[in-house]
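Ready for some practice in reading a protein structure? Have a look at the chain below, then work through the exercises at your own pace.

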Amino acid sequence: MSGSALDHLPTLAAGERATVRTMQGDQPALARLSALGFSVGVEVQMLRNVRQHPMIVLVRRTRVALARDVAAGILMERQGHGLPQSAG
């Protein structure tokens, strides 16, 4: 970790990328996040973050919709802005 402050997933803007550093919640919530592909060290990109609606994030090349209360338990280290470069 580069020493930067950790932010909750819902604070990311669309297009922003971050790395999961820790996850908080009860055991069922953590198990669900793990099943969806979230784990410490994985990169996440915010695709849509509009108030009053679930967030859409890209995790492990999969789009995932998350409720704000669940997403608030994911603490991230920001990486930067922008969509990933095309591989081809």
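Here are three exercises on this predicted model, each with a worked solution.

**Exercise 1.** Find out which residues have the most contacts inside the largest nonpolar core, and which strands supply it.

*Solution.* Start with the core itself: it has 17 residues, and L9, F38, V44, V57, L66 and I74 have the most contacts inside it. Next, look at the strands. β2 (17-23), β3 (43-48), β4 (55-59), β5 (62-66) and β6 (74-80) each give at least two residues to this core. The largest share, 3 residues, comes from β4. Finally, pick out L9: leaving aside residues up to four places away in sequence, L9 touches V44, M46, M55, V57, L66, A71, I74 and M76.

**Exercise 2.** Decide whether E16 is buried or exposed, and find the side chain that E16 meets in a polar contact.

*Solution.* First locate E16, in the loop between β1 (7-8) and β2. The relative accessible area of E16 is 7%. Buried means under 20%, so E16 is buried. Now check the partner: the side chains of E16 and R78 are joined by a polar contact of 2.5 Å.

**Exercise 3.** Describe what lies at the start of helix α1 and just after α1.

*Solution.* Begin at the start of α1 (residues 27-35), where a side-chain oxygen of D26 comes to within 2.9 Å of the backbone nitrogen of A29. Then move past the helix: just after α1, G37 has a positive phi of about 110°.

How values were computed
Residues numbered from 1 in each chain as written. Predicted model: local features only at pLDDT ≥ 70, side-chain atom pairs only at ≥ 80, totals over all residues. Heavy atoms only, no water. Core = buried A, V, L, I, M, F, W, Y, C linked by side-chain atoms within 4.5 Å. Buried < 20%, exposed > 50% of the residue type's maximum accessible area, 1.4 Å probe, protein only. Helix = DSSP H or I, 4+ residues; strand = E, 2+ residues; numbered from the N terminus. Contact = heavy atoms within 4.5 Å. Polar contact = N/O pair within 3.5 Å; in protein donor to acceptor, adjacent residues only side chain to side chain.
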